[in-house]
Amino acid sequence: MTHHNARLVCTLLAGVLGMLLFSPGPAASLTLHHIHGLSYSADGTRLYIPMHHGLAFYSEHRWSKASGPAHDYMGFAVTQAFWYSSGHPAPGSPLRNPFGLIKSKDQGQTWEHLGLSGEADFHLLATSYQTGRVYVLSPAANSRMPRAGVYSTRDDGQRWRAAKGAGGGGNPLSLAVHPIQDNVVALGTDQGVYLSQDSGEHFQRLAEVPQVMAVFFAVDAPDLWFSSVAGKASLTRLQWQTGQTESVALPSMARDAVTYIAQNPVNRQEWALATHRRNVYVSLDSGRTWQQIAQEGETY
């Protein structure tokens with residue numbers, strides 16, 4: 001991954017996903033605009049979607065607006081104990097823009113600043129679910145990162161470790177960290193799926209496919225799920241240790257693409273997908289069948 005490619009990440013994501021506004025309303029008519037992520041709560045009872053103005057969640061077949069500040073959450077990722085994000089403060093907030101790295105201990109009701117406030121906005125941010133290690137792709141240099149590229153921290157941003165990123169090709173679009181082996185990192189680009197087993201120092205291409213919009217490590221299996229777009233949307237389950245792949249059937253997706261993937265950490269047969277056109281789907285059988293719970297931002 002070149003310095004130039006890393007700097008392009010924010011522009012590319014904005015171009016691919018679009019920039020839309022969020023219209024708040026009661027739970028029965030909640031509208032999702034510009035979905036920024038997808039994660040289950042640690043107890044498996046809620047599916048969270050960070051947006052341009054706050055957080056929405058789906059639980060017990062109902063959509064609701066989450067309590068807490070209506071910030072513009074970017075790079076949203078969760079661990080067993082904490083939430084991490086970047087992004088921008090809500091209108092009228094005294095907080096510095098952009099956030100740099102922030103952390104919540106109470107499911108987004110309050111947030112703690114971990115550094116780089118006013119300097120960095122990490123659109124690509126990923127966490128190791130069990131170890132808590134945080135990775136970011138910085139599109140530019142800042143006071144703690146001397147160059148653009150992949151960085152990681154084990155101590156909530158007190159110290160950042162730079163990675164060479166050798167072997168990664170194309171423009172980065174997605175990032176994931178293994179839930180237990182936090183030296184294992186996946187990178188999706190417009191040229192394929194790349195894997196590093198040394199904390200981002202070196203990457204190897206595992207799949208040569210265009211526009212890898214989402215990558216996600218399964219919690220309970222040696223699988224890396226990834227979505228791509230080559231004329232039509234596709235979803236693939238890849239055993240990253242062997243290279244074996246298996247296609248996962250998707251609902252009909254005309255002119256659409258999967259942009260976020262999540263797995264319920266408690267009921268591990270439950271998976272969720274969010275798309276570019278703001279469609280959201282849930283599967284209770286590991287992707288064999290899907291139920292739609294939002295259509296083009298309109299929630300069911």
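Q: What makes the charged end of arginine 46 count as sitting over the ring of phenylalanine 57?
A: The charged end of arginine 46 is 3.8 Å from the centre of the phenylalanine 57 ring. A charge sits over a ring if NZ of Lys or CZ of Arg is within 6 Å of the ring centre and within 35 degrees of the ring normal, so arginine 46 earns the description. A word on the source: this is a predicted model, in which local features need pLDDT of at least 70 and side-chain atom pairs count only at pLDDT 80 or more, while totals for chains, interfaces and linings use all residues. Residues are numbered from 1 along each chain as its sequence is written, and side-chain values use heavy atoms, leaving out hydrogens and water.

Q: Which residue lies over the face of phenylalanine 82?
A: That is lysine 103, at 3.9 Å from the ring centre.

Q: Why is the aromatic pair of tyrosine 73 and tryptophan 111 called tilted?
A: The structure holds nine aromatic pairs. In this one, the rings are 5.2 Å apart centre to centre, with 35° between the planes. Rings of Phe, Tyr and Trp (its six-membered ring) pair if their centres lie within 6.5 Å; planes under 30 degrees apart count as stacked, over 60 as edge-to-face and the rest as tilted. An angle of 35° falls in the remaining group, so the pair is tilted. Tyrosine 73 belongs to strand 5 and tryptophan 111 to the loop between strand 7 and strand 8, 38 residues apart. (Strands are DSSP runs of E, at least two residues, numbered from the N terminus.)

Q: What makes the pair of phenylalanine 217 and tryptophan 240 edge-to-face?
A: The planes of phenylalanine 217 and tryptophan 240 stand at 90°, and their centres are 6.4 Å apart. Both values meet the cut-offs, so this is an edge-to-face pair. Phenylalanine 217 is in strand 17, and tryptophan 240 is in the loop between strand 19 and strand 20.

Q: How do you know whether leucine 116 is buried or exposed?
A: Look at relative accessible area: under 20% is buried, over 50% exposed, and in between partly exposed (1.4 Å probe, protein chains only). Leucine 116 has 5%, so it counts as buried. It also has a positive phi of about 70°, although it is not a glycine.

Q: Why does arginine 255 count as buried or exposed?
A: Its relative accessibility is 74%, so arginine 255 counts as exposed. Its phi is near 50°, another positive value in a residue other than glycine. Why mention that? Because most residues other than glycine have a negative phi, and most peptide bonds are trans. For peptide bonds, look at asparagine 97 and proline 98, joined by a cis bond with omega about 0°.

Q: Why is strand 5 described as largely enclosed by the rest of the structure?
A: Seven of its seven residues, 72-78, are buried, so the description fits. Strand 5 is joined to the antiparallel strand 6 by five bridges (two strands pair if DSSP finds at least two bridges between them). A hairpin of four residues connects strand 5 to strand 6, and methionine 74 has serine 86 as its bridge partner.

Q: What makes a group of residues a nonpolar core, and which residues have the most contacts inside the largest one?
A: A core is a set of buried Ala, Val, Leu, Ile, Met, Phe, Trp, Tyr and Cys residues joined through side-chain atoms within 4.5 Å. The largest has 18 residues, and those with the most contacts inside it include Leu32, Trp63 and Ile293. Strand 2 gives the most to this core, with three residues. A second, separate core of 14 residues includes Ala214 and Trp225.
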